[in-house]
Amino acid sequence: HASLPQNVHLQVMRWSHHVNVRITMTRQPGQDGCCGNFNGQIADDDARSIQARVGLMVPQNQLLFNHVIPYQPVAPPAPCTGARRAGAQAACQRDRPGIAGAELEACIFDVCNAGERYAAQDAAM
């Protein structure tokens with residue numbers, strides 16, 4: 001856990017094959033970035049819209065840490081459909097009974113793109 005300037009709290013959860021990071025903070029005036037602009041409109045929070053608004057890099061004077069990791073674009077994950085999606089949904093519902101809505105969709109995304117172990121690991125959060 002780390003408490004950073006401007007009421008930002010950072011929690012890092014290390015797993016056997018990945019790292020989850022939870023960032024909580026109060027909304028800041030003009031806030032925008034890779035998680036969106038917090039205006040409640042998901043349609044303008046896609047990568048292309050965010051890049052058009054803020055560019056690819058955080059200005060040096062706004063960094064919370066002292067070093068920069070160069071941006072390296074990656075291909076988007078393959079769509080999770082059909083039997084692959086059904087299997088992911090079954091794993092999520094098996095390991096997280098009662099899961100629904102956005103939390104279920106996030107679990108399905110994790111399982112489709114990284115494997116079934118993520119359903120159980122996400123349940124521990």
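A contact here means heavy atoms within 4.5 Å. With that in mind, start with the whole chain in view: among contacts between residues at least 6 apart in sequence, 29% join residues at least 24 apart. What you have open is a predicted model, in which local features need pLDDT of at least 70 and side-chain atom pairs count only at pLDDT 80 or more, while totals for chains, interfaces and linings use all residues. Residues are numbered from 1 along each chain as its sequence is written, and side-chain values use heavy atoms, with hydrogens and water left out.

**The whole chain**

Turn on the cartoon and you will find 4 helices and 3 strands, where helices (H or I, at least four residues) and strands (E, at least two) are DSSP runs numbered from the N terminus. Followed along the sequence, the pattern reads β-β-β-α-α-α-α. The C-alpha atoms fill a box of roughly 45 × 30 × 30 Å along the principal axes. If you show the surface, its accessible area is about 9,200 Å², and 57% of that belongs to carbon and sulfur atoms; areas come from the Shrake-Rupley method with a 1.4 Å probe, and for residues only the protein chains shown count as cover. Of the 125 residues, 21% count as buried. Buried means under 20% relative accessible area, exposed over 50%, and partly exposed in between (1.4 Å probe, protein chains only).

**Stop one: the sheet**

Select β1 (2-4), β2 (residues 8-14) and β3 (19-24). They form an open sheet of 3 strands in the order β1-β2-β3, with antiparallel pairing; two strands pair if DSSP finds at least two bridges between them. β1 and β3 stand at the edges with a single partner strand each, so one side of each has no neighbour in the sheet. Neighbouring strands are turned by 20° against each other on average, direction ignored (axes are lines fitted to C-alpha atoms, for helices over the stretch in contact, and angles run from 0 to 180 degrees between N-to-C directions). Zoom in on β1 and β2, which pair over 3 bridges; Ser-3 has His-9 in β2 as its bridge partner.

**Stop two: the core**

Which residues make up the largest nonpolar core? Select Cys-80, Ala-88, Ala-91, Cys-92, Ile-99, Leu-104, Cys-107, Ile-108, Val-111, Cys-112 and Ala-119, 11 residues in total. Such a core is a set of buried Ala, Val, Leu, Ile, Met, Phe, Trp, Tyr and Cys residues joined through side-chain atoms within 4.5 Å. Helices α2 (82-95) and α3 (101-114) each supply at least two of its residues, and α3 gives the largest share, 5 residues. Centre on Ile-108: leaving aside residues up to four places away in sequence, Ile-108 touches Cys-80, Arg-85, Ala-88, Gln-89 and Cys-92.

**Stop three: the salt bridges**

A salt bridge is a side-chain nitrogen of Lys or Arg within 4 Å of a carboxyl oxygen of Asp or Glu, and the count comes to 6. Select Arg-53 and Asp-32, whose closest N and O atoms are 2.5 Å apart. Arg-53 sits in helix α1 (residues 47-54) and Asp-32 in the loop between β3 and α1, 21 residues apart. Arg-53 is partly exposed at 34% relative accessibility, as is Asp-32 at 27%. Add Asp-45 to see a salt-bridge network linking these three residues.

Next, show Glu-103 with Arg-96, at 2.2 Å. Is Arg-96 buried or exposed? Arg-96 counts as buried, at 15%, whereas Glu-103 is partly exposed at 45%. Finish with Asp-95 and Arg-94, 3.0 Å apart at their closest N and O atoms: Arg-94 is exposed at 51% and Asp-95 partly exposed at 26%.
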